Structure formats: C-alpha cells, structure tokens
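Subject: Structure handover

Hello,

Please find the structure below. My notes on the ligand site and on the domain arrangement follow.

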Amino acid sequence: MSTLIRNIGELVTNEPGVGEGPLGLLRDASLVLDEGRVVWVGTGEGPEADEVVDAGGRAVLPGYVDSHAHLVFAGERAEEFAARMSGQSYRAGGIRTTVAKTRAASDEELRSNVRRLVGEMARQGTTTVECKSGYGLTVEQERRAVRIAGEIADEVTFLGAHVVPAEYGDDTGRYVRLVSGEMMAACAPYARWVDVFCEEGAFDADQAREVLEAGIKAGLTPRVHANQLTYGPGVRLAVELGAAAADHCTFLSEEDVDALAGSETVATLLPGVEFSTRQPYPDARRLIEAGATVALATDCNPGSCYSSSMAFCIAVAVRDMRMTPAEAVWSATAGGAKALRRDDVGRLGAGARGDVLVLDAPSYVHLAYRPGVPQVAAVFKAGGRVG
Ligand code: NIG
Ligand code: FE
C-alpha cells in the first residue's frame, strides 16, 4: 500500500542535491512511501497514492538513527544516579551491578526490556537502533545478549569487552583472551560490529587492540568507546583500525581531532552521558571545524545515561556543544547512518527506507528551541506507522 504525505511545510531530506543546504531542505513538499521505501519526493502535491496523510504544514525529517545504545539489561541504577547528583563521580565499575542483574534475568525478561525501549524510541521518532551486548560477560550470557538484540534492534554490536567481570579479579589478560577467542566465536555470527570500552578501569590500548583485531578476523567491523572519562589512546586506535565510529570523544587532544578529521571514522557524541554524569560536554564545534564527521546518539543504558531521547541530545548539542540546529539534526539522522555505514536510512530520497518523523512543529529548529516538549505527530518505519 502506498502512502502520500502531503502539505509538508519543511522537509529535511539530507540530500543536498534535492533541496537547499546540507539538510537538502524543501518547502511545501510531499513524499510518497511504497513497499517500505521512499518512492517520490518533491515540492507541491505529489502523485496519487492509496492513503493520504496531511502533514498540515508541519516539518518532516528522516527518522533518527541512534547508533549507540545498550538495551540488553535487567534492573536499573537510579540510586547511583542520585549519588552522582550529590557529588559522586561516574566509574566504569558500576557496570558490574547491571551484569549481576542481567545474568539472573530470564530470556523473556531481557527480550521484553529491549522491546520496551525500542518501542519507547520509536514513539519518539527513532527508526534505526544499534544495540550492544556487554552486561553478560560469559560466553553463554554474551551469546544470549547478541541473539536477543538481533531479534529486535536493527544493528547488533558484540561488546564482551565492556568491563572485566568480578570473577576475573585483576586478571584482565585472561578475560581478554576469552573475549577474543571462545566468546568472539560464539557471538560473531549474531553481530555486525565489535566494540571495546577502551578506558582506565576497563581495557587499555593493547587489550582493546587484541579484541578488535580478533573481531576483524571474525568478520566484524570495529567501533570503540573512546576518550569518555579522560584523555587516552581509544580514538587513535579506532582510526588506526578503520573503526566505523569512535564514541564519546569527550576528552580529545589535538592529535585525536586531527586523526578523526583525516579518517572515515565518525566521532559519535553522546551528550546524555555528560548530562547524567556531570562531565564536561564534548566540543562538537572543534570537530566539525577540523573536518570530522559528527554523529549524535543517546547511549541509552541504565548507568551513564538512561535516556532514549534523540530530541534531548539535539537540544543539548545545540545549547552546550556549539552545534547549530541544522548540524545537530543532520548528526542525529545522516550522521548516525554514517556511523553505521548505512546509506538506506538517515535520508529521505528515492530508494531510502520509508523512515519518517512528522514533527508537531513548523521547523526542525523547534527541536532545540522547545526542549523537553513532546513534538512528535507521527512516525513511520519502513513505510508503516510506529508512532
Ligand atoms: O557508554 N562506557 C561504557 N559503557 C556505557 C555505560 C554503561 C553503564 O554504566 O552501565 C557508556 O557510557
Ligand atoms: Fe556506551
């Protein structure tokens, strides 16, 4: 069944050839979806279709592409958040609390939590979701996490190297060998990506390299949790190994910025984490001006940021990370698609997946201009209504 969305006041296509500026903006536009895809985009009325949706002059954008989330978990850590807001700092070790709860949960509990969060995301306009493992940390538990992630999310990442589980004590080397060997073999068939938390208190550069290289051998592409809590080697390792993305990028040296700017590795910024951990925000302007590609994502997880809202990330990025509203919207859609090496999402041109967010506002600028206000009128994923 085809759907015509007509009377669009402002259409963000992310196709510079189709409309104005980097967002490829069209005014007074229409869009046709058929068999899950965009089949027509242009100004004016557009061709006939089986069903007609009148956008009433509202703004329309590609569905958000959330390229970084940890959704396979049980329990929550509100107390840890409250303690942080009273002055405690965020530590990688908090992850172990969620590991214990996740290991004890049934498959069905984990599955329904992932469904709940992906549904929550869809209702807010997110139509592509990446989901990591990383709260199981045994061969069987990590295999179960990537299997469940793949049932529900669009993109699956194996993050066995999230933190060293308590039962390994200080023997990080032995755990790294497990992740790179038996665990990688068990999980790689369910995943497209391999990720490592390269940080003090988690994995150092040599350990991260061992895991990422094993992932590459198993057919996965790297992405790296890098430079979140302090300066370190994560970003440069990500670039060296051709990672699709270096995520967090909160503490960057000049060398890190240059490495990102001269590479295909996307700098994925996660402002919800800095908000929820009271850390300084990453400097998006510096990265953009150096020529790096910037994506925005939520990092939705029970520890460092329990928000699934891409609109919130856009508002913070504009207010506190020196991004323009246009840059932030691009980074939350096309930027996320680049971080996932996808060319079928994050844009609204002919052939793209029919992932459409109809905003209850006349312009995408309202996402930053009216922070915290629900502004979703409708959401379509692959041509079907999901919100
Ligand atoms: O991206 N940094 C590592 N992992 C997550 C946090 C996970 C947790 O605290 O449970 C992150 O911030
Ligand atoms: Fe993360």
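How far is an oxygen atom of ligand 1 from an N or O atom in the side chain of Arg77? The distance is 2.7 Å. Please keep in mind that this is a predicted model, and the values in this message are computed from it.

Ligand site

Ligand 1 is surrounded by 15 residues. The closest of these are Tyr90, Tyr135, Gln228, Asp299 and Ser304. For two of these residues I can also give a polar distance to the ligand. In Gln228, a polar side-chain atom lies 2.7 Å from a nitrogen atom of ligand 1. In Ser304, an N or O atom of the side chain is 2.5 Å from an oxygen atom of ligand 1.

Domains

The chain is divided into two parts: domain 1 covers 3-62 + 346-385, and domain 2 covers 64-339. Domain 1 contributes 18 residues to the contact between them, and domain 2 contributes 20 residues. Taken over C-alpha atoms, the centres of domain 1 and domain 2 are 29 Å apart.

Interface

About 1400 Å² is buried between domain 1 and domain 2. Carbon and sulfur atoms account for 69% of that area. On the domain 1 side, Gly346, Leu367 and Ala368 supply 28% of the area buried against domain 2; no other three residues supply more.

Which polar interactions cross this interface? There are two salt bridges between domain 1 and domain 2, and eight residue pairs are in polar contact, with both residues at pLDDT 80 or more. Three elements give two or more residues to the side of domain 1 that touches domain 2: β5 (59-62), α13 (366-369) and β15 (376-381). Of these, β15 gives the most, with four residues. By residue class, that side of domain 1 has 13 nonpolar, two polar and three charged residues.

There is also a salt bridge between the side chains of Arg353 and Asp154, with an N to O distance of 3.4 Å.

For viewing, two places to begin are the side chain of Ser304 beside ligand 1 and strand β15 on the side of domain 1 that touches domain 2.

Regards

How values were computed
Residues numbered from 1 in each chain as written. Chains lettered and ligands numbered in written order. Predicted model: local features only at pLDDT ≥ 70, side-chain atom pairs only at ≥ 80, totals over all residues. Heavy atoms only, no water. Domains from an automatic or database assignment. Contact = heavy atoms within 4.5 Å. Buried area = accessible area lost by both parts, 1.4 Å probe. Salt bridge = Lys/Arg side-chain N within 4 Å of Asp/Glu carboxyl O. Polar contact = N/O pair within 3.5 Å; in protein donor to acceptor, adjacent residues only side chain to side chain. Nonpolar A, V, L, I, M, F, W, Y, C, P; charged D, E, K, R; others polar. Near = heavy atom within 4 Å.
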